[in-house]
Structures are given as structure tokens and as C-alpha cells.
Amino acid sequence: MKTKTIEYNDGVVRQFLIASVFWGVVAMLVGVLIASQLAFHVLNFNTPWLTFGRLRPLHTNAAIFAFVGNMIFCGIYHSTQRLVRARLASDFLSQLHFWGWQLIIVAAAITLPLGFSRGKEYAELIWPINIAVVLIWVVFAVNFFWTLAIRNEKSLYVAIWFYIATIITVAMLYITNHLQIPTSLLHSYPIFGGVQDALVQWWYGHNAVAFFLTTPVLGIMYYYMPKAAERPVYSYRLSVVHFWSLVFIYIWAGPHHLLNTALPEWLQTLGMVFSLMLWAPSWGGMLNGLLTLRGAWNKLRTDPVLKFLAAGVTFYGMSTFEGPLMAIRSVNAVSHYTDWTIGHVHSGTLGWNSFMAAGMFYWLAPRLWNTKLYSTKLADLHFWIGMVGILLYIASMWVSGITQGLMLNAVTPDGVLAYPNFLEVVNSTRAMLHTRILGGGLFLTGMILMAYNLFRTIRSGRPAVASIEVQVPDIAPKEGLSLIGGFFNPPVIYSFLLVLFACGWGFAQGMVSAVSLVLLVETALVAMIHLGLSGKKWNEWYEKLLESWLPFTVLTFVAVVAGGMIQILPTVFIKQTAGTDAPIQKVYTPLELAGRDIYIREGCYNCHSQMIRSLVGDVLRYGKSGRLTESIYDFPFQWGSKRTGPDLEREGGKYPNIWHFQHLMDPRSTSIGSVMPNYPWLYKQVTDIPALTSKIRVLSSYGVPFPPRSPDAILQSCIEQGNLITADLATSGIKISPDKEVIAVIAYLQQLGRYSAPAAQPAAPAPAVSAPAAPKQASAN
């Protein structure tokens, strides 16, 4: 045994802290701008790279990956070194991680406003950036697990568990949802389409919140809250239950984003049930955090760090209560596609993530720069301004969202819509949009105060050098358990059998389901009896598992991958048209495909859905509810998650070409009170027809039945269809070249709702090229 002095690598921690604060201010600034654009359409400035549709993805990616991403890397690298009593394994990998991540953020900040987008929420970044994200995440993972391998602390503390779950699960989610084939250097199509893409996207989207915005921050909570309160974690056993139940249950809940849609019924039910189950582990974690403050509540009056941490954990509890509540079908019928969802997301991001970040930064900065916090009063002011801002924001979105949901679903006793004009609903909540701007502005002010406070704190000190002396054995100790030993033991075997029999009971029918239920009950009883008789041995096994990072990591991966496989694989490998007599989506013409890509480029999916839910209000307003077969050729799917404008699934033929032409130039000219931006550049820019050859080739490889066409034939097809539209516009006195982007967008919009009827059914009529002029207050955005 020899003594060794270890100097922690806090340089990279300081870098991530500064980067997080900077990008946090940028993210909130963009957020206030896009919130203002929804209230005042002139703030889109008739400029393509400043429109809501392009800036909204920039805001979400900046908030998630730039602000929170840098924050969790800061917290993980700082706490892990102390918890394992070892320096980060590689200074080179640490710097590569930091600078690589910043370059990714800068690339996103450039490409998203320019319209380079995959059109998938929280997954908009184009394929070259996706590859960079995966490579830098691998760098992070290697650096982290290498550090665990050389640790000088035998047992893994609870915070490390959550970090492990974050690293492996985010990798699995990100890679799966970003599988794609490029059509050019800056464009690609995902390999999943229609309902398959919808399920994979929200499996990723929901769990990106779970494993990027939740689990790493929970690990940070388990480290920094006891440190700040100078109290041990309230309950170690509760943390064990919290971790394993959360990582297993969370992964199943994604389908609750697709309730009342064309998603198969069993998946909707599964998502709702597991979402409700999340109440238990989520609130268990919240209580474990808050009860850690027992005996230290008096410090909240004077310590801004504890104020932020306690409030952040409380917002976590509020958000994780509201989320499962919104997953109940009847509640979701009101909340989905409305501002209520926006309020829910921001109560988590602003209240949970941002407040936890502020608490951690105020605790870390004085220690990293060997000084005192510049101003406790400024930190307190930040807290109260931020708190008022959050409450104004989420309260306005609750009121706005519930109002929208009730009005859009309202039906008179005569069976007609009480509010048939969509714009009436939009304009009824304008006051709440203004209140949201005020709340967001206050929160942004608090972020700026924090940035100034931390800047002055850093300037008053100098980088601290933290070190520790450890006892290093002459011979490296063996891991507590082998990989095989981690699996073949009673707790894991019982858990596997319980999941297996539960799936058999839930998914099978008849005798198989009944036998599975009996075996499920018997296994649970046997496990409880075994635990009562051998509880001490089970505890010993778990303590050995915590000394073995590899078996622990593999078990965590198995826990999270099980739900994904059971949900995703049946939907991915079953043909969407099998055994159905429903109408099938028509294949896009080349010009319509070009128009669809422009629609995605402009971010129209941020405000318009293309999925009519099986609700009375939706059916009366938009037509027959959507079916699986009606979007099978959509790569990516366009079901949407928010309706600032009406659903467009059956938009084709509702309005004449001239209406769309005028609407895209100035939405207020056709729809008084619309908040939609103007798109004057569509009338000047030329459609990129040469790019269609590679696009059609990729989509054909996915099974989309495009007829064989040469590049010249594709060009001729676009010219012919464009000429039909321009000829129709000419009857209204409009002269425009058929190669302009607006013509392609009109072709796409007029195609929506066209289907090829199956055999033995008459074909659905195509929408007319022209139709009677719509009134100015039509139910459009």
C-alpha cells in the first residue's frame, strides 16, 4: 500500500460551466424572441432565417444540448472525480469532448436558421452533425468509464448510477432515431416512415427528456444537495428503488405522446399505463431529495444555493405529477396539441433544469476559483425574478392550453362545432401569449443576473487546484462481481421472470394470458418469500454489484432496452398495409416531394399537425380520423405535436390555388388574425429539382413505389405539374414561373388527403385544381 496525491482536472469543469451559462442566456433570448413572434407576427421580419419555424428548433436545441448539456457535463466531471477519488482518465479526451461539443452547438446554430433540418422534434440536426454528436458522445463515454476503471473508491455512489444510465441510454436512443440515408451533403431521409417513425421519434423524444434532462440532473441532485445542505441523503434504500424503477419504467412511456391517433391501440394503452406508473419512482426521488434537507431548512433563508436546489426538486415533483396526468386519455384529449404541453415542458426545463443548474453553479464557482460568491443578494434576486417568471409562464400556458382544448373540442347540442373557426380559438388566448412574453423576459433577466454574478465571482479569484491523497494497493483489487455473476443471481432472475410473465399476461390472449398471470403471481410470491429469508445475501450481492462497474452498466442497459424492444420491434417489422382495406397514401409526384421538403425546411410542422385524432371535435373540424396507411410514405412523419394552426392531413382541395398563393405571401389577406409568418422568398427562390433524383432513389430503396424516371423525366414532370398550377393562377391575374418554390409548396398542400383506394373500393377523388374562393375568416392559420 502506498500513498498517492491526485490532482483533479477541474479545468474542463470550469470550461463547461462558463459555456453552459453563455449558451443558457442565448437559449432564453431566442425563446423570448419566438414567444414574441407568436404574439406579434411582424417580428418574423419577412426574413427566412428569423422565422418562428426555423428559430424554434434553434431554441429547443440550444436549451437542451447547449445549456443543459454543458451543465450536466460540468456536474458529472466535477462530482465523478470526487466520488471515485480519481482524476479524469484523459486530459486529451476531456478537451476533445469540450471543444467538440461546442463546435456541434455552433454548427447547429448556423444550420438550423438556414433551414437545414431533418424535421423531427428534438432531432432536427442534419446527418453530418449527428455523426459528430455520436463521436463526441463516445469520447465522453470512454473518458467516463475509463475513469471508473481506474477509480480509488470501491463502491459506486448513487449519482454514478444515474450517470451510467444517461450515457448508455442516450446513445441507444440517439443512434436509433437518427438512422438515415443521406441524399446529399446536407440532407437525408430517416429509415423509418409513417407510424413507425412516429413511434421511434416519441420513444426518443420522451426519453431524451428522461435520460438527458432528468437522470443526469438527478445524479447531480444526489451529489450537490447533500453537499450544500451538509446532510447525508435521506434514504439509501429509497435511492435504490428510485433508480431501478425509474430507468425501467420511463422507457415504456413514449406512446403517450400519440394518444387518440392512428397508433395501434395496445401501444397507446401501454404508454398510458407506464406513464401513470411513473408517479411512484418520480415522487420517490423528489421526496428523497427534499427530505435530505431535514434539519437544514433554516438555511434556505440565507443560502441561495439551497433555495435553487430545493425549488428545482419541487418543480421536478410538479412536472412528474403533471406528465402522467396528461397521459390519461381524457386529459390528453384536452391538453395535446395545445399550449398546455408547452407549459408542462417549460415547468420542467425552467423550474427543474435551470434552477438545479443555477444552484450547482452558485455552489461550484467560488470553489473552482477559490473565492467567494460576488453577491448573495444578486443570487437571491435572480431566484425571485426567475421564480415569478416561471410561474407567469406556466400559468399563462395552462390557461391558454386548457382554453384551446375546451374550445376546439366543444360541440353544441345539435352536434356541430361550437367554435368552427380555428382563428377564433387562436385569438381568444392572445392575452396569455403576452403574459408568456413577460414571464420569459423575467426569466431571461434572471439568467443575465446570474451570468453577471458569476463573471464577477470568476474575476475576483483564480483557478483553484484541488487534490487528494489516496491509498493505492500494490496489487489492483478485483471487481466485486464478474459479468456472469452480475446476471445469474436471484434478484435479476426474478426480475426477468416477472417482466416475461407480465408481458405474456398483457400481450397474449386466452390460455397463454391466463397461465402467464398465474405464473406472475406465483413468481412475485416466491420472490418476496425468498427476500424475507435471504435478504442479507441479496444486500451483499448488490453491494458487490456496486463494486463492479461493467456488470452494473450491462444490467442497466438491459433494464432500459427491454421496453424499447417490446414496443419498437413489432411495429417496425410488421408491414403497415398488411390485413387492411383502408385507403393507402398516394405516392408524391416529384414536384410534391420538393414542396414537402420545403415545408419541412420552413418548420411548418412546428405549428401544423397532419393527424386527425379519433375525437369528435377533430372529426367534425377536419374530417375522418387518420389511419396508419395514410402516411406510410412520409419520411419523416408529420403528425406534429402542437397546433398553432389547423390540422392539414386533408388540406388538399379545400381551397383554390390562388388562396394558397395569397396565404403564403400574407396570411392575414386570407385569414384575419393569423399569426403565421409571411414567406416572400418562396416567390423568388427556384425549386431544387436536380436534387430530386437522389431523393427519389433513397425513398425508393425504402419501398416507396416511385415509377422509374430519369432526371430528365423528373424535370419534365415538375414542369408539367407546375404549368397546371401557374395556368390556374393566371386565371386570377397571377403570373409566376412554374419553377418557383411557392408552386412546389402549393402542389404539396393540394396533395394532402389524396389516397389510393384498395381493391374493391372506389378510388378517392383527387382534389380539384380550383375551388370556390374561401371567406377571409376561414379556419386556417
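Here is a chat between a trainee and a mentor about the predicted model above.

Trainee: Before we start, what should I know about the numbering and the model?

Mentor: Residues are numbered from 1 along each chain as its sequence is written, and side-chain values use heavy atoms, with hydrogens and water left out. The model is predicted, so local features need pLDDT (the predictor's confidence in each residue, from 0 to 100) of at least 70, side-chain atom pairs count only at pLDDT 80 or more, and totals for chains, interfaces and linings use all residues.

Trainee: What is the mean pLDDT of the protein?

Mentor: Not every stretch scores well: over residues 759–780 pLDDT stays under 50. Still, 95% of the residues reach 70 or more, and the mean is 93.

Trainee: Which domains is the protein divided into?

Mentor: The bounds come from an automatic or database domain assignment. Going along the chain, you get domain 1 (2–462), domain 2 (483–573) and domain 3 (584–756).

Trainee: How many residues of domain 3 are in contact with domain 1?

Mentor: Contact means heavy atoms within 4.5 Å. The centres of domain 1 and domain 3, taken over C-alpha atoms, are separated by 33 Å. On the domain 1 side 65 residues take part, and on the domain 3 side the number is 54.

Trainee: Which helix gives the largest share of the lining of the largest pocket?

Mentor: First, the terms: on a 1 Å grid over the protein atoms alone, a cavity is a set of points where a 1.4 Å probe fits but cannot get out, while a pocket is an open set with protein on both sides within 12 Å along at least five of seven lines; lining residues have an atom within 4 Å of a point. Grid points are joined across faces, edges and corners, and a volume is the space filled by probe spheres set on the points. The largest pocket holds about 2000 Å³ of space, and among the residues closest to its centre are Phe-248 and Ser-495. Helices here are DSSP runs (H or I, at least four residues), numbered from the N terminus, and with 13 residues the largest share comes from H18.

Trainee: How many nonpolar residues does the lining of the largest pocket have?

Mentor: Ala, Val, Leu, Ile, Met, Phe, Trp, Tyr, Cys and Pro count as nonpolar, Asp, Glu, Lys and Arg as charged, and the others, Gly among them, as polar. This lining draws at least three residues from each of domain 1 and domain 2. Six of its residues are polar and two are charged, while the nonpolar ones number 38.

Trainee: Now the second largest cavity: which helix gives the most to its lining?

Mentor: The second largest cavity has a volume of about 360 Å³. Of its 29 lining residues, those closest to the centre include Cys-604 and His-608. Domain 1 and domain 3 each supply at least three residues of the lining. With four residues, the helix that gives the most is H23.

Trainee: Why is helix H26 described as largely enclosed, and which helices do its buried residues pack against?

Mentor: Buried means under 20% relative accessible area, exposed means over 50%, and partly exposed is in between (1.4 Å probe, protein chains only). In H26, 11 of the 11 residues are buried, so the rest of the structure largely encloses this helix. Those buried residues pack against H21, H23 and helix H25 (711–730).

Trainee: Is Ser-400 buried or exposed?

Mentor: You'll find Ser-400 in helix H14 (residues 376–409). Beyond its neighbours within four places in sequence, Ser-400 is in contact with Asp-339, Thr-429 and Met-432. Its relative accessible area is 0%, so Ser-400 is buried.

Trainee: And Glu-230, buried or exposed?

Mentor: Glu-230 sits in the loop between helix H7 (215–229) and H8. Though not a glycine, Glu-230 has a positive phi of about 55°. Its relative accessibility is 59%, so Glu-230 counts as exposed.

Trainee: Last one: which residue does a cis peptide bond join to Phe-635?

Mentor: Most peptide bonds are trans. Here, though, omega is about 0°. The partner lies in the loop between helix H22 (616–622) and H23, and the residue joined to Phe-635 is Pro-636.

Technical notes:
Helices (H or I, at least four residues) and strands (E, at least two) are DSSP runs, numbered from the N terminus.
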